[in-house]
Amino acid sequence: MSQKIAQVIVDVPTMQTDKPFSYRIPEELADLIQIGMRVHVPFGRGNRLMQGFIVGFADEKESGGQELKSIAEVLDFDPVLNREQLTLADAMRETVFSYKISILKAMLPNLLNSSYDKILTTEDKAIAKQYFGAEQALHFSSLDESKQALMMKLHRDGKIAVQYVAQSKESIKTKKRLALADENKLKTLAIAVRAKKRLALQDFLQTQNQIGERAWDYTDLVKLYSRDVVKFFVSEGILTLSEVEVSRAQGYFDTIAPDEHKVLNSEQEAAYQAIISSQEKPFLLEGVTGSGKTEVYLQVIAHAISQGKTAIMLVPEISLTPLMTNRFIARFGEHVAIMHSGLSDGEKYDEWRKIKSGKAKVVVGARSAIFAPLHNIGAIIIDEEHETSYKQDSNPRYHARDVAIWRAKFHRAALVLGSATPSLETRARAQQNVYQLLHLTQRASAQAEIPEVEILDMRKHLNDKSASFSEVLLDKISEKIAKGEQVVLMLNRRGYSSFIMCRDCGFVPECPNCDISLTLHMDTKTLNCHYCGHTTGIPHTCPNCQSKKIRYYGSGTQKVEEELSELLPEARILRMDVDTTKKKGAHERILSSFGAGEADILLGTQMIAKGLDFPNVTLVGVINADTALNLPDFRSSERTFQLLTQVAGRAGRADKKGEVLIQTFNPDHYAIRLAQAHDYEGFYQLEMDFRRKLNYPPYFYTVQLVISHQDEEEVVKKSYEIMALLKGNLSEKARVLGPIPKPIARTHNLYHYQLLIKYRFEKNLEQALNQVLDLTQVPDNKKLRIIIDNEPQNF
Ligand code: ADP
Ligand code: ZN
Ligand code: ZN
């Protein structure tokens, strides 16, 4: 009589532990339950139903004769987590210091983690039993498609409750399409000359017809010609309107033209051959921007597919633009699944199912796509491997690169880390032969040359008329626009936002919850806190001295845009920053509008530095190269070098030669000089030297602990306790620094203190940090928050 008891990791936020709880398996579920399935179990005194994961089984004997509660219901027909994922979770737990439940949840689409899931009514269960043989195993979201279809039918037949199927509605999306129905009538229809839009649509349809296009997206045509005009053609019988079902995120697949392999140049070929012939260690593909790394990725993936295998392609969230994803869809069509934060929960779930069912062979996505439940992986690729977004900055604080290394080993897959400016950690590993280094030194497209970079010393080029633009940059912009070419301007806004200040007493309004000045937003006419979201109006008189001399300061993108449109009134400007890209799809709209030549200048934050490939851009201007240099972070030079190199790579992508202008107050800084010279090697040598002298990564490893509490005295006391605990447990060689207040010492009404551990080899680290983590579960510490960040990316 084995398998009577299941071990369940329960999702209880207030009481976390990695120890599974034991539950009795009801007899009718005995044949159904498998490891990796989700269940609802009664928990605590109130027996509230909580979601959990089955992670193992035990014999009755092992429960020690204790009276056990029973599993209430199973939520899945098939395990949502497979053996590989459960083993991976165990491995991750050793380097990620948050509880295992957070890791398991990170592997699944939100929809499966949230309480979205409806619990079945008794009636539904009875019906389920009748049709599926199992009473409690039914859960719409976990059914495969044929079973879902059956469920829908049962619902339509009135046999299953409405609320139960409500969720399924979301999983079907339709799209309105227009098709040409009457070619002759289209030609002969007489339209009055006044009806300009009708004429325009007639004209459009005729030219489309000539090139063989006879179907269009309804919303596209409405956008271009208005609803009424489209309706008119439908009422005339020229167009017919129909609804077709589309899988949510994939609706646009059919619009992308397929694309052929390019013949690799000799450097690309050498890299490609190396990658497909050995999986012994990871590869670092170091290639200047535009050297054809992506083409190598595409062919490595094609090779994996030809071997019957699958592939994961990771890109930073911010480069998941249609431009990038389209290249993969163009090559691999329906085999592609896409995962990024712009998708709704339903869309993400669709993609996840497409992967799990084996339909998707290539997953293109941001950080969390590294968990994609693919089988038989042949290649994992991380593009722009130096990007900080590969490290999650909430629990579980994992780095996608570490997960990739683990999975590549598990599947014996090739792992490629690609970048023009590899992180020092990665490059140092390549230097020591832990990774194999591959180089691409030339731009791939024959005409595209590496752009010329000019540094402008702003101390010598101060402009009375403008705070942000030198005359030189303005003249260059005008010159390019006059030639019909396009310009990209980057404002490195981090730590450089707009604020208001009293001219008489210097008062700057701060957030009442956080130690930070409020940011001015001109579009909403408010002052906002960028940490906690606190919002207030702009005062007319100073709250401190009652003076009326409140002035606006700073150089946010909005302000620079205003300034630019005054200086160059004819220029058409598009702005891209967090404010203009909040709405779903806004990011894509801005880019496609710029790509279509609807604007002369694209002005934005570092968001614009990545992945853009516009042949008509011949000038890239960096308005202020210094802001990132001034951050209190030992990686500030590395970030600046990476950012400048990347943004410079946006110029001159095709046959027109590109120019880059960098405005700076630190023209002699090595990060700026070496970015100008496109000299990664030189930068690497200098920066490593600096890191070695100051005991920073990659010479030392770091762990940051952030301890937070509402009461400052309490947080200081606890921080010292934790420091003592660490010092007692770690060897003498490890250094524990702090506690010190965080640079922003208070947010969300909590005080934050930090400790930093620096070490080279430390065998007690895991045990010591787990002991610290468990402090949060002590009843006395209910209000204490501890974040343990292994290898933090931001300080
Ligand atoms: P990276 O990813 O290194 O920035 P891409 O793969 O985007 O570079 O290549 C830059 C440009 O060169 C793209 O337009 C790409 O289509 C083109 N390209 C890449 N490889 C080749 C090749 N072997 N022959 C011709 N063009 C190529
Ligand atoms: Zn004042
Ligand atoms: Zn705040």
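Two residues are in contact if their C-beta atoms, placed from the backbone, lie within 7 Å. Keep that cut-off in mind as you click through this predicted model.

**Stop 1: the whole chain**

Start with everything shown as a cartoon. You have 24 helices and 30 strands on screen. Of the 795 residues in the chain, 40% count as buried. Among contacts with a separation of 6 or more, 73% join residues 24 or more positions apart.

Now colour by domain. The assignment gives domain 1 (5–113), domain 2 (116–166), domain 3 (174–245), domain 4 (257–440), domain 5 (452–498 + 554–690) and domain 6 (701–790). Note that domain 5 is written as two segments, 452–498 and 554–690. If you place a marker at the C-alpha centres of domain 1 and domain 3, the two markers will be 55 Å apart.

**Stop 2: ligand 1**

Select ligand 1 and show what lies around it. The shell holds 15 residues, and the closest are Gly292, Lys293, Thr294, Glu295 and Ala444. Which helix gives the largest share of this shell? Select residues 293–306: this is helix α12, and three residues of the shell come from it. Colouring the shell by class shows nine polar, three charged and three nonpolar residues.

**Stop 3: a first group of four cysteines**

Next, select Cys502, Cys505, Cys542 and Cys545. UniProt, in an unreviewed entry, lists these four under "binding site". They span 44 residues in sequence, yet no two of their C-alpha atoms are more than 8.6 Å apart, so they gather at one spot.

Zoom in on two of them. Cysteine 502 sits in strand β18. It is buried, because 21 other C-beta atoms lie within 10 Å and 20 or more are needed for that label. Leaving out residues up to four places away in sequence, cysteine 502 touches Phe507, Cys542, Asn544, Cys545, Ser547, Lys549 and Ile550.

Cysteine 542, in turn, is in the loop between β21 and β22 (550–553). Is this residue buried or exposed? Cysteine 542 is buried, with 20 other C-beta atoms within 10 Å. Its contacts, again without residues up to four places away, are Cys502, Asp504, Cys505, Phe507, Ser547 and Ile550.

**Stop 4: a second group of four cysteines**

Keep that view and add Cys511, Cys514, Cys529 and Cys532. The unreviewed UniProt entry places a "binding site" feature at these positions. The four are spread over 22 residues of sequence but cluster in space, with a largest C-alpha distance of 8.6 Å.

Pick cysteine 514, in the loop between β18 (499–502) and β19 (519–521). Cysteine 514 counts as buried because it has 22 C-beta neighbours inside 10 Å. Setting aside neighbours within four places in sequence, its contacts are Cys529, Tyr531, Cys532, Ile744, Arg746, Thr747 and His748.

Then move to cysteine 532, in the loop between β20 (526–528) and β21 (535–537). Cysteine 532 has 16 C-beta neighbours inside 10 Å, so it counts as partly exposed. With neighbours within four places again set aside, cysteine 532 is in contact with Cys511, Asn513, Cys514, Thr747 and His748. Show Thr747 and His748 as sticks: they appear in the contacts of cysteine 514 and in those of cysteine 532.

**Stop 5: helix α19**

Select residues 586–595 to bring up helix α19, and highlight its buried residues, Ile590, Leu591 and Phe594. Why are these three on the same side of α19? They cover an arc of only 95 degrees around the axis, which puts them on one side of the helix. Add β23 (573–576) and β24 (601–604) to see what the buried residues of α19 pack against. Just after the helix, click on glycine 597, where phi is positive, near 80 degrees.

**Stop 6: valine 647**

Finish on helix α20 (residues 636–648), where you will find valine 647. Valine 647 counts as buried because 26 C-beta neighbours lie inside 10 Å. Not counting residues up to four places away, valine 647 touches Met490, Ala609, Val620 and Val622. Draw a distance from valine 647 to methionine 490: the two are 157 residues apart along the chain, and their C-alpha atoms are separated by 7.9 Å.

Note on methods
Residues are numbered from 1 along each chain as its sequence is written. Chains are lettered from A and ligands numbered from 1 in the order in which they are written. This is a predicted model: local features need pLDDT of at least 70, side-chain atom pairs count only at pLDDT 80 or more; totals for chains, interfaces and linings use all residues. A residue is near a molecule or strand if its C-beta atom, placed from the backbone, lies within 6 Å of it. Helices (H or I, at least four residues) and strands (E, at least two) are DSSP runs, numbered from the N terminus. Ala, Val, Leu, Ile, Met, Phe, Trp, Tyr, Cys and Pro count as nonpolar, Asp, Glu, Lys and Arg as charged, and the others, Gly among them, as polar. A residue is buried if 20 or more other C-beta atoms lie within 10 Å of its own, exposed if 12 or fewer, and partly exposed in between; C-beta atoms are placed from the backbone. The arc is that of the directions from the helix axis to the C-beta atoms. UniProt positions are given in the numbering used here, feature names are shortened, and annotations may be inferred rather than shown by experiment. Domain bounds come from an automatic or database domain assignment.
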